[in-house]
Amino acid sequence: MNSRDLITAAAQGKSTPRPPIWLMRQAGRYMSEYQSLRKKYSFMELCHQPDLATEITLQPMKTFGMDAAILFCDILVTAEALGRDLDIVEKKGPVIGNPVRSEKDLNELLPKDAALENLGYVSTTLRQIREGIGAEKALLGFVGAPFTVGSYMIEGGSSSSVPVTFKMIAEAPELFKKIMTRLTDLTIDYIQLQRDAGVDALQIFESWASILPEAIYLEHVFPHLKRIVETCQNPDQPLILFALATPSLWQTLGQLPAQVLSIGPEHDLAQFRKAFPDKALQGNLDTRWLLCDQPTLIREANIVLDKMAGQPGHIFNLGHGITPNVPVDQVRTLVDLVQAR
Ligand code: CP3
């Protein structure tokens, strides 16, 4: 089985001779090739220019040969496409200069079709990546879930407690709902844009799922995510749902018709396998093991592999993205270990 077939089969919950592997944030600052390009261009320039985004996507594929390439871009480009100013600032993270906090701000958002047109570069990039990786590697697209993107759009940047969003949900729930609806509508079409450009599967990032009290999440956020997953489910181009969520919230998220659940390092894969027998599972090595010495990394990666040995539907990945301080040799060790199974 080639890499592409491994990913597709595993995502559809089938048995594979070995688990396929890719890593969240596999292209990025831990690689010197990325850093040299990043010295010349801003992060947003790298996302917007298909030649550069393709080159970066291919860097880890050439160096380590993961089974899947993931589009180099960011989840916040949907907010940008709706007319928000997005910048990624060193040591600060994403900054949105004109956050959406009122009906007036909402009315300034661009119509969906204009926003989708603004995302046309992603389609070009995906087609170029496919040419670069060939037919035997898998190509993954991704989108941010409306709350994870929306909270940045409302806060104007990173926040560990989303106070402005929290207050909006409490005091102006209709405004919040309209913002979420606009993002949801665009995200559904953006998923189709990526599918039309040839992705084999698509990951939805709901990274901030558990930043809200569960009851608030379920009432004000979950219906939008549900609409996306239900509208976009497609057995031939599976959806991978990534969330950092409590076990209790996963009980609800896991009922959505996404074929793959991508779980954080705090959860036990074997327990998830029992709780969700019909789902494929992705993950969930703790990224920090990549910072430990090689024997420790091998030991821990084998624990993850052994938990899922003989089980259908496992895609090996980290529980969250690679951090810039990870040594490249450790990434090589990990990819080689999983592929030698
Ligand atoms: O997995 C991949 O490699 C695909 C590309 C990708 C990036 N960001 C590249 C990136 C994906 C899927 C994301 C998702 C993303 N972006 C999320 C959800 C996933 C998660 O990790 O929880 C979120 C919340 C964002 C928003 C975002 N973009 C943040 C918080 C940051 C700053 C990170 C930091 O450490 O400074 C970004 C910038 C960003 N996105 C970088 C990369 C490689 C670093 C940019 C740089 O400075 O060169």
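In this predicted model, the ligand occupies the largest pocket. The ligand is surrounded by 21 residues, of which Arg 29, Tyr 34, Arg 38, Asp 74 and Ser 207 come nearest. Polar atoms of several side chains approach the ligand: for Arg 29, such an atom is placed 2.6 Å from a ligand oxygen, while for Asp 74 the partner is a nitrogen atom of the ligand, at 2.7 Å. In the case of His 320, an N or O atom of the side chain is found 2.7 Å from an oxygen atom of the ligand. Of the 890 Å² that the ligand exposes when taken alone, 88% is buried by the protein.

Helix α8 comprises 14 residues, from 120 to 133. The distance from its first C-alpha to its last is 21 Å, which is close to the 20 Å expected at 1.5 Å a residue. The buried residues of α8 are Tyr 121, Val 122, Ser 123, Thr 125, Leu 126, Ile 129, Arg 130 and Ile 133; the list thus includes Arg 130 alongside residues such as Leu 126 and Ile 129. In an α-helix, residues three or four places apart point the same way, because there are 3.6 residues a turn. Just after α8, the backbone at Gly 134 adopts a positive phi of about 80°.

Positive phi values also occur at residues other than glycine, and two such cases may be described together. Lys 91, which is not a glycine, has a phi of about 65° and is located in the loop that lies between strands β2 (86-89) and β3 (93-96). Its relative accessibility is 86%, and Lys 91 therefore counts as exposed, the threshold for this class being over 50%. Val 162, likewise a residue other than glycine, has a positive phi near 35°, and its place is in the loop between helices α9 (146-155) and α10 (163-171). Because the relative accessibility of Val 162 is 1%, this residue counts as buried, a class that requires a value under 20%.

A further backbone feature concerns a peptide bond. The bond leading from Gly 283 to Asn 284 is in the cis form, with omega near -15°, and Asn 284 itself belongs to strand β8, which covers residues 280-285.

Key
Residues numbered from 1 in each chain as written. Predicted model: local features only at pLDDT ≥ 70, side-chain atom pairs only at ≥ 80, totals over all residues. Heavy atoms only, no water. Helix = DSSP H or I, 4+ residues; strand = E, 2+ residues; numbered from the N terminus. Expected span 1.5 Å × (residues − 1). Buried < 20%, exposed > 50% of the residue type's maximum accessible area, 1.4 Å probe, protein only. Near = heavy atom within 4 Å. Polar contact = N/O pair within 3.5 Å; in protein donor to acceptor, adjacent residues only side chain to side chain. Areas by Shrake-Rupley, 256 points an atom, 1.4 Å probe, with all protein chains shown as cover. 1 Å grid on protein atoms, 1.4 Å probe; cavity = no way out; pocket = protein on both sides within 12 Å on 5 of 7 lines; lining within 4 Å. Sits in = over half its atoms within 2 Å of the grid points.
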